[in-house]
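Reader: Hi! I'm new to this one and would love a friendly tour. Could you show it to me first?
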Amino acid sequence: MEKIIDEKQQGNTLVMEPKAGNGKKLMIESYGCQMNFSDSEIVASILAKEGFDTTQSLEEADLVLINTCSIRDKAEQTVRKRLEKYNAVKKINPGMKVGVLGCMAERLKAQFLEEEKIVDLVVGPDAYKDLPNLINEVEEGRNAVNVILSKDETYGDISPVRLQSNGVSAFVSITRGCDNMCTFCVVPFTRGRERSRDPQSILEEINDLAAKGFKEITLLGQNVDSYLWYGGGLKKDFKNASEIQKATATNFAALLRMAAEAHPKMRIRFSTSNPQDMTLDVIEAMAKYPNICKYIHLPVQSGSDRILKEMNRLHTREEYFELIDNIRRLMPDCAISQDMITGFPTETEEDHRDTLSLMEYVKYDFGFMFAYSERPGTMAARKMEDDVPEEVKKRRLTEIVNLQQKHSHYRTQQFVGKTVEVLIEKESKKSDLHWSGRTSQNTVAVFPKEKYKVGDFVNVRINDCTSATLIGEAVGLSENN
């Protein structure tokens, strides 16, 4: 699951500036990964042209869209609960239409419309441009479905409405879909094959964000390092490209360099990486440009070669260590985070110990750890028995989480006594007298507000830390303002 699920963001409703004359009200709730939140912005942009303003009030909505995730069973259960709530409101407001977008729509299309009759509209991740037609269908009393996965839709021509943005950092999608058939993952089936977006349209979007005062962008994709533009088309068809196409192709390292040079004072992040695509030229580009953040999310999923093979991960433990060594050699100050699945089918105590020893070797800055839950439609669900008992999964997960806590604290302690650059994003959750922002390494830092404001790059001396947060005081603006 090459994506980060931010639990605090789940179920957020989008808000954007109302346009005069727009009469209809749209409510969008998003679940799942950053890709879904980014897609909701694209949807809002398409529907703003159709006369929809966003609302956070379910009671006044004409159209309610729920952007869904299929990664974990928990995400799907949450969505089902929300749909029950919408149905209750529908009884009071029969004119309200309900639609399901995103990955769960792709997976359960027929069920939603025919068996459960709870939604009017089912739209997969590649069909958002078809929304105006689908809404017309619904208004004429027909159910509407478009879950066709596309070979070339990248939404490169839609300028996303930045919703709920802090005005400081924004997401820019560069690839869609995924070609890695990890046996536990549903993404290739819900988001289709991998294709990349034209680098020119990416740079235009970044230029536009810079002009609007954004200070940081995150390049997004299910698997950003495998970005490859050769004039359009699927990544897997690159082998049939012409010689000239191959010679003039843009890979991820080249895209990073272009973005970094275009705006030397803008921070550049990216998510998510896949170990087998994280080539040396990407690490070299990161080391060369100070504005490319020194942070890599590098999911490993397991420390056992046997389990990695069962998962169809395209890297071994040794290759992963080599990659970590290269990162440490070229960027000693780079933070690395992980995704880990424990209790994958057939996992033994020895496999589990391999995972713990891999974590000891890397000492990740932080991580996203889950007990395996079978996803219908995946290879693992079809071919493997979910045979690790629930209590064993839970115990192993606890051991992994406890070890990660220890390493996270070790990593934050390395900052104490140092001065680091922090980009102010918002007020601290715990105190309205403090700002909160992140270092290049993606660690949260809080410090007294003084005269600084949101969007400032501030040098902060770190005096203390918890396992997740740095605590310090500002010593002045950095040269990036």
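Reader: Thanks! Let's begin with the aromatic residues. Which residues form one aromatic cluster?

Author: Phe184, Phe344 and Tyr372 do. Please keep in mind as we go that this is a predicted model.

Reader: Noted. How many aromatic pairs does the count come to?

Author: The count comes to seven aromatic pairs. One of them joins Tyr295 and Phe366, whose rings are stacked, with 5.5 Å centre to centre and 25° between the planes.

Reader: Why does that pair tie together parts that are apart in sequence?

Author: Because Tyr295 belongs to strand E15 (residues 295-297) while Phe366 belongs to strand E17 (residues 366-371), the pair links parts that are 71 residues apart in sequence.

Reader: And Tyr295, is that one buried or exposed?

Author: Tyr295 is buried, at 7% relative accessibility. Its partner Phe366 has 22% relative accessibility and so counts as partly exposed; the cut-off for buried is under 20%.

Reader: Good to know. Switching topic: which strands close into a barrel?

Author: Five strands do, in the order E18-E19-E20-E22-E21, and their pairing is mixed. On average, neighbouring strands of this sheet are turned by 55° against each other, direction ignored.

Reader: Can we walk through part of that barrel? In which sense do E19 and E20 pair?

Author: They pair in the antiparallel sense, over five bridges, with E19 covering residues 434-438 and E20 covering residues 444-448. At one place along this pairing, Pro448 in E20 stands opposite His434.

Reader: What do E19 and E20 form, and how many residues lie between them?

Author: They form a hairpin with five residues between the two strands. In its turn, Asn442 has a positive phi of about 75°.

Reader: What about the other pairing of E20, the one with E22? Which sense is that?

Author: That one is parallel, with three bridges between E20 and strand E22 (residues 469-477). Ala445 has Leu470 in E22 as its bridge partner, and Val446 has Ile471 in E22.

Reader: Ala445 and Val446 follow one another, so what should I know about side chains in a strand?

Author: As a general rule, side chains in a regular strand alternate between the two faces of the sheet.

Reader: Handy. Which residue lies over the face of Trp435?

Author: Lys449 does, at 4.6 Å from the ring centre.

Reader: Let's do helices now. How do the axes of H12 and H13 cross?

Author: They cross at roughly 15° and come within 11 Å, where H12 spans residues 317-330 and H13 spans residues 349-362. That angle makes H12 roughly parallel to H13. The crossing of H12 past H13 is right-handed.

Reader: And for H9 and H10, is the crossing left-handed or right-handed?

Author: H9 passes H10 in a left-handed crossing. Their axes come within 8 Å and cross at roughly 15°, and H9 and H10 are therefore roughly parallel to each other.

Reader: Could you pick a residue from H9 for me?

Author: Sure, take Ala253, which has its place in helix H9 (residues 252-262). Ala253 counts as buried, at 1% relative accessibility. Its C-alpha atom is separated by 9.6 Å from that of Ser226, and the two residues are 27 residues apart along the chain.

Reader: Now the backbone. What is usual there, before we look for exceptions?

Author: Most peptide bonds are trans, and most residues other than glycine have a negative phi.

Reader: Then which peptide bond is cis?

Author: The one from Ser271 to Thr272, with omega near 5°. Thr272 sits in the loop between strand E14 (267-271) and helix H10 (280-288).

Reader: And where is Asn312 found?

Author: Asn312 is in the loop between helix H11 (305-310) and H12. Its phi is near 60°, a positive value in a residue other than glycine. Asn312 is partly exposed, with a relative accessible area of 32%.

Reader: One last stop: what is the phi of Thr346?

Author: Thr346 has a positive phi of about 75°, although it is not a glycine. You can find Thr346 in the loop between strand E16 (335-342) and H13. At 32% relative accessibility, Thr346 counts as partly exposed.

Reader: Lovely, thanks for the tour!

Notes:
Residues numbered from 1 in each chain as written. Predicted model: local features only at pLDDT ≥ 70, side-chain atom pairs only at ≥ 80, totals over all residues. Heavy atoms only, no water. Pairing = 2+ DSSP bridges. Helix = DSSP H or I, 4+ residues; strand = E, 2+ residues; numbered from the N terminus. Phe/Tyr/Trp six-rings, centres within 6.5 Å; stacked < 30°, edge-to-face > 60°. Buried < 20%, exposed > 50% of the residue type's maximum accessible area, 1.4 Å probe, protein only. Lys NZ or Arg CZ within 6 Å of the ring centre and 35° of its normal. Axes fitted to C-alpha atoms, helices over the stretch in contact; angles between N-to-C directions. Parallel < 35°, antiparallel > 145°, perpendicular 65-115°, else oblique. Left-handed = near helix turned anticlockwise from the far one by under 90°.
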